[in-house]
Structures are given as structure tokens and as C-alpha cells.
Amino acid sequence: MNHTVQTFFTPAGTDHPPNYEMLKEEHEVATLGAPHNPAPPTSTVIHIRSETSVPDHVVWSLFNTLFMNSCCLGFIAFAYSVKSRDRKMVGDLTGAQAYASTAKCLNIWALILGIVMTILLIIIPILILQAYQ
């Protein structure tokens, strides 16, 4: 039979064998490794610039171009919306915001004028018909 004998070396200057806790600590140190740097770990923070959402109002401008194009404001708003989208694709957020702001203003005016003209086109013929009766 093959028997293996393990000999434990006792620390220098002591006459008694090592106890279980001391062996356990030595095993943990051997397994985990001794700490390499006693200083606290440093952290690195990476700031990722979030994509700023610049609305370009293309859909609204297209709606105004097709349905409420009074004084061609819808078409002009559509042109500014496309310019805003182009600036956003290039990465010029300031230019994109400026064009988008102009497109929004033109869309508001086109919508207001379109609604007013639609109401007038309904009310004026009714008033004329009532005047002749």
C-alpha cells in the first residue's frame, strides 16, 4: 500500500504544532492571494454624451404642405424641416435647433391660417345663402 505522510513545519521558536485556524488562514492566503495594493481601488468614470433629441417637425410640415398650405407656409416649413434633419445628421445640433425652431413657427402659422381659412370658407357661403333667403 502506498501511504503518504504529510509533515507540518512548526513556526520557528515554538514547540507546539500549528492549529486548524492557522492552517485555514494559510490556505486562504494561498488560494486568494495576498492583497497587492493596500490603497483603496480607484474608479474611472466615463461620460457618454447622450444623443440630444432635436425634433425636426418633418411630418407636421408634410401635413401642412399637403392639406393646409396657405401662403405656401407649409412648403417653406417643410424646407426648413429638411434642413434641420440634414444639420442633425451632420452633427451640428445648434444649426438643427435653429432650423427646427423656424420650421415649428412656420408650421404654427400655417396651421392657424389654414384653420381660419377653412372656417371662413364654411361660414361665408352659409351667411351668403341666408342673406338671399
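This is a short dialogue about salt bridges and helix packing in a predicted model.

Visitor: Let's start with charges. What can side chains of opposite charge do when their charged atoms come close?

Guide: They can pair. In this predicted model, the count comes to three salt bridges.

Visitor: Which side chain does R85 meet in a salt bridge?

Guide: That of D56, at 2.8 Å from N to O. R85 sits in helix α3, residues 73–90, while D56 is in the loop between α1 (20–32) and α2 (58–67), so the pair ties together parts that lie 29 residues apart in sequence.

Visitor: And are those two buried or exposed, or something in between?

Guide: They split. D56 has a relative accessibility of 10%, so D56 counts as buried. R85 has a relative accessible area of 39%, which makes R85 partly exposed.

Visitor: Which other side chain meets D56 in a salt bridge?

Guide: K88, with 3.9 Å from N to O. Here the loop between α1 and α2 is again joined to helix α3, so this pair ties together parts 32 residues apart in sequence. K88 is partly exposed, at 25% relative accessibility.

Visitor: What about the remaining bridge?

Guide: Look at D92 and R87, whose side chains meet at 3.5 Å, N to O. Both count as partly exposed, D92 at 28% and R87 at 30% relative accessibility.

Visitor: Which residues do shared partners join into one network?

Guide: D56, R85 and K88. D56 is the link, since its side chain meets R85 and also K88.

Visitor: Now helices. What describes two packed helices?

Guide: The angle between their axes and the distance between the axes. Try α3 with helix α4, residues 93–132: the angle is about 160 degrees and the axes are 8 Å apart.

Visitor: How do I read that angle: are α3 and α4 roughly parallel or roughly antiparallel?

Guide: Roughly antiparallel, because angles over 145 degrees fall in that class. As for handedness, α3 passes α4 in a left-handed crossing.

Visitor: Which residues make the contact?

Guide: On the α3 side they include L73, I76, A77, Y80 and S84, along with R87 and K88. From α4, look for Y99, A103, L106, W109 and L113, among others.

Visitor: How many residues of each class does the contact have?

Guide: Twelve nonpolar, six polar and three charged. Two residues tie back to our charge story: R87 and K88 belong to this contact, while R87 pairs with D92 and K88 with D56.

How values were computed: Residues are numbered from 1 along each chain as its sequence is written. This is a predicted model: local features need pLDDT of at least 70, side-chain atom pairs count only at pLDDT 80 or more; totals for chains, interfaces and linings use all residues. Side-chain values use heavy atoms; hydrogens and water are left out. A salt bridge is a side-chain nitrogen of Lys or Arg within 4 Å of a carboxyl oxygen of Asp or Glu. Helices (H or I, at least four residues) and strands (E, at least two) are DSSP runs, numbered from the N terminus. Buried means under 20% relative accessible area, exposed over 50%, partly exposed in between (1.4 Å probe, protein chains only). Axes are lines fitted to C-alpha atoms, for helices over the stretch in contact, and angles run from 0 to 180 degrees between N-to-C directions. Angles under 35 degrees count as roughly parallel, over 145 as roughly antiparallel, 65 to 115 as roughly perpendicular and the rest as oblique. A crossing is left-handed if the near helix is turned anticlockwise from the far one by less than a right angle, and right-handed if clockwise. Contact means heavy atoms within 4.5 Å. Ala, Val, Leu, Ile, Met, Phe, Trp, Tyr, Cys and Pro count as nonpolar, Asp, Glu, Lys and Arg as charged, and the others, Gly among them, as polar.
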